[in-house]
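Please consider the structure below with attention to its cysteines, its charged side chains and its backbone.

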Amino acid sequence: YTTNRYGNPLCYGHQSGSCPSTKGVICPKDPSRRHLCNLCLSAAHGADQCTSSSKPDHSAHANKKRKV
């Protein structure tokens, strides 16, 4: 991921653990960026500590047909 669900860009430094802040999701260097994992969008860690084996599947609802 490059942005969160609201379109805010993710902090690159947070992914490698090089951004100085670990409190909250708003980056202190650039308040427009968010501290979320770019692999799974968790606020608990960056990509360097992600243990998720797969990305969330957001296409599950796309294949369902709407009942009339």
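The sulfur of Cys37 lies 3.8 Å from the closest cysteine sulfur, that of Cys50, and this separation is too far for a bond. The model examined here is a predicted one. Because a disulfide requires two cysteine sulfur atoms within 2.5 Å, the pair formed by Cys37 and Cys50, at 3.8 Å, does not qualify. As to its surroundings, Cys37 is buried, with a relative accessible area of 0%.

Under this criterion, the number of disulfides in the model is 0. Cys11 likewise takes part in no disulfide; the cysteine sulfur nearest to that of Cys11 belongs to Cys27, at a distance of 3.8 Å. Cys11 is also buried, its relative accessible area being 5%.

The charged side chains present another kind of contact. Side chains of opposite charge can pair when their charged atoms come close. In this model the count of salt bridges is 1. The partners are Asp30 and Arg33, whose side chains meet with an N to O distance of 3.6 Å. This pair is accepted because the cut-off for a salt bridge is 4 Å. Asp30 itself is partly exposed, since its relative accessibility is 28%, a value that falls between the limits of 20% for buried and 50% for exposed.

The backbone offers a further point at Leu41. The phi angle of Leu41 is near 65°, a positive value in a residue other than glycine. Leu41 is located in the segment that comes after α1 (12-16). With a relative accessibility of 13%, Leu41 counts as buried, because the threshold for that class is under 20%.

Technical notes
Residues are numbered from 1 along each chain as its sequence is written. This is a predicted model: local features need pLDDT of at least 70, side-chain atom pairs count only at pLDDT 80 or more; totals for chains, interfaces and linings use all residues. Side-chain values use heavy atoms; hydrogens and water are left out. Helices (H or I, at least four residues) and strands (E, at least two) are DSSP runs, numbered from the N terminus. Buried means under 20% relative accessible area, exposed over 50%, partly exposed in between (1.4 Å probe, protein chains only).
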